[in-house]
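Here are some exercises to help you find your way around a structure you haven't met before. Try each one with the model in view, then check the worked solution below it.

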Amino acid sequence: PHLETVRNMLKAVASDAKYRLKTDDDRANYVLPGLCLPKSLDPFLPFYQYALMNGTPEQRESAALGLGELVDLTSEASLRPFVIKITGPLIRIVGDRFPGGVKVAIL
């Protein structure tokens, strides 16, 4: 149940901030300033990774979607230190026997 709560809170914060922007280009390229700080993804990654590797199929799908949302809301420079931590479990899931919904969420 916490996965959806965290995802919904991040979506709500980003949605509110995007709504205040003037152009569609600004909205499309919006990054959440708090996620662009050093080590800003540290609280989120273990949470999502655990759900990806050990959760039910629904939790795994939600975690994959949540990781995608984090990536969308974070700048490239801020993502660099986390690339291996993010992609490792995703590659493992694609290669293993996981439900199709989880794999689709990764893409």
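**Exercise 1: Two sides of a helix**

Take helix α1, residues 2-19, and work out how its span compares with the expected one and which side is buried.

Solution. Start with length: α1 has 18 residues and reaches 26 Å from its first C-alpha to its last, close to the 26 Å expected at 1.5 Å a residue. Next, pick out the buried residues of α1, which are L3, R7, L10, A14 and A17. These cover an arc of only 100° around the axis, which puts them on the same side of α1. Now turn to the other side of α1, where H2, M9 and Y19 are exposed. Last step: the buried residues of α1 pack against α3 and α4 (57-72). Keep in mind that this is a predicted model.

**Exercise 2: How confident is the prediction?**

Find where in the chain confidence is lowest and where it is highest.

Solution. Begin with the whole chain: the average pLDDT is 85, and 94% of the residues score at least 70. Then go element by element: confidence is lowest in α7, at a mean of 70, and highest in helix α5 (residues 76-79), at 92. A general caution goes with this: where pLDDT is low, don't read the predicted coordinates in detail.

**Exercise 3: Repeat the helix test**

Do for α6 what you did for α1, and then look at α3.

Solution. For α6 (83-95), count 13 residues and a reach of 18 Å from first C-alpha to last, close to the 18 Å expected at 1.5 Å a residue. The buried residues of α6 are I86, P89, L90 and I93. Seen down the axis of α6, they fall within an arc of 100°, so they line one face of the helix. On the other side of α6 you'll find I84, I91, R92 and G95 exposed.

Now α3 (45-54). The buried residues of α3 are L45, Y48, Q49, A51 and L52. Their arc, seen down the axis of α3, is 165°, so they line one face of the helix. As for partners, the buried residues of α3 pack against α1, α4 and α6.

One more stop in α3 is Y50. With a relative accessible area of 57%, Y50 is over the 50% cut-off, so it is exposed. Y50 and L90 are 40 residues apart along the chain, and their C-alpha atoms are separated by 12 Å.

**Exercise 4: Into the core**

Which residues touch the most other members of the largest nonpolar core, and which elements give two or more residues to it?

Solution. The largest nonpolar core has 25 residues, and L35, L41, Y48, L52, L67, L70 and I86 touch the most other members. The elements giving two or more residues to this core are α1, α3, α4, α6 and α7. In general, nonpolar side chains tend to be buried together in soluble globular proteins.

Zoom in on L41, which sits in the loop between α2 (24-28) and α3. Its relative accessibility is 1%, so L41 counts as buried. Skipping residues up to four places away in sequence, L41 touches L35, L70, T74, L79, F82 and I86. Its C-alpha is 13 Å from that of R7, which lies 34 residues away along the chain.

Now follow one of those contacts to L35. Leaving aside neighbours within four places in sequence, L35 is in contact with S40, L41, F44, L70, L73, T74 and S78.

**Exercise 5: Three more residues to check**

Decide whether T74, R60 and K39 are buried or exposed.

Solution. T74 is in the loop between α4 and α5. At 5% relative accessibility, T74 counts as buried. Its side chain reaches the backbone oxygen of L70 at 2.6 Å. Beyond four places in sequence, T74 is in contact with V31, L35, C36, L41 and L79.

R60 belongs to helix α4. At 16% relative accessibility, R60 is under the 20% cut-off, so it counts as buried. A polar atom of the R60 side chain lies 2.9 Å from the backbone oxygen of M53.

K39 lies in the loop between α2 and α3. At 62% relative accessibility, K39 counts as exposed. Check its backbone too: phi of K39 is near 60°, a positive value in a residue other than glycine.

Conventions:
Residues numbered from 1 in each chain as written. Predicted model: local features only at pLDDT ≥ 70, side-chain atom pairs only at ≥ 80, totals over all residues. Heavy atoms only, no water. Helix = DSSP H or I, 4+ residues; strand = E, 2+ residues; numbered from the N terminus. Buried < 20%, exposed > 50% of the residue type's maximum accessible area, 1.4 Å probe, protein only. Contact = heavy atoms within 4.5 Å. Expected span 1.5 Å × (residues − 1). Arc of directions from axis to C-beta. Polar contact = N/O pair within 3.5 Å; in protein donor to acceptor, adjacent residues only side chain to side chain. Core = buried A, V, L, I, M, F, W, Y, C linked by side-chain atoms within 4.5 Å. pLDDT = per-residue confidence, 0-100.
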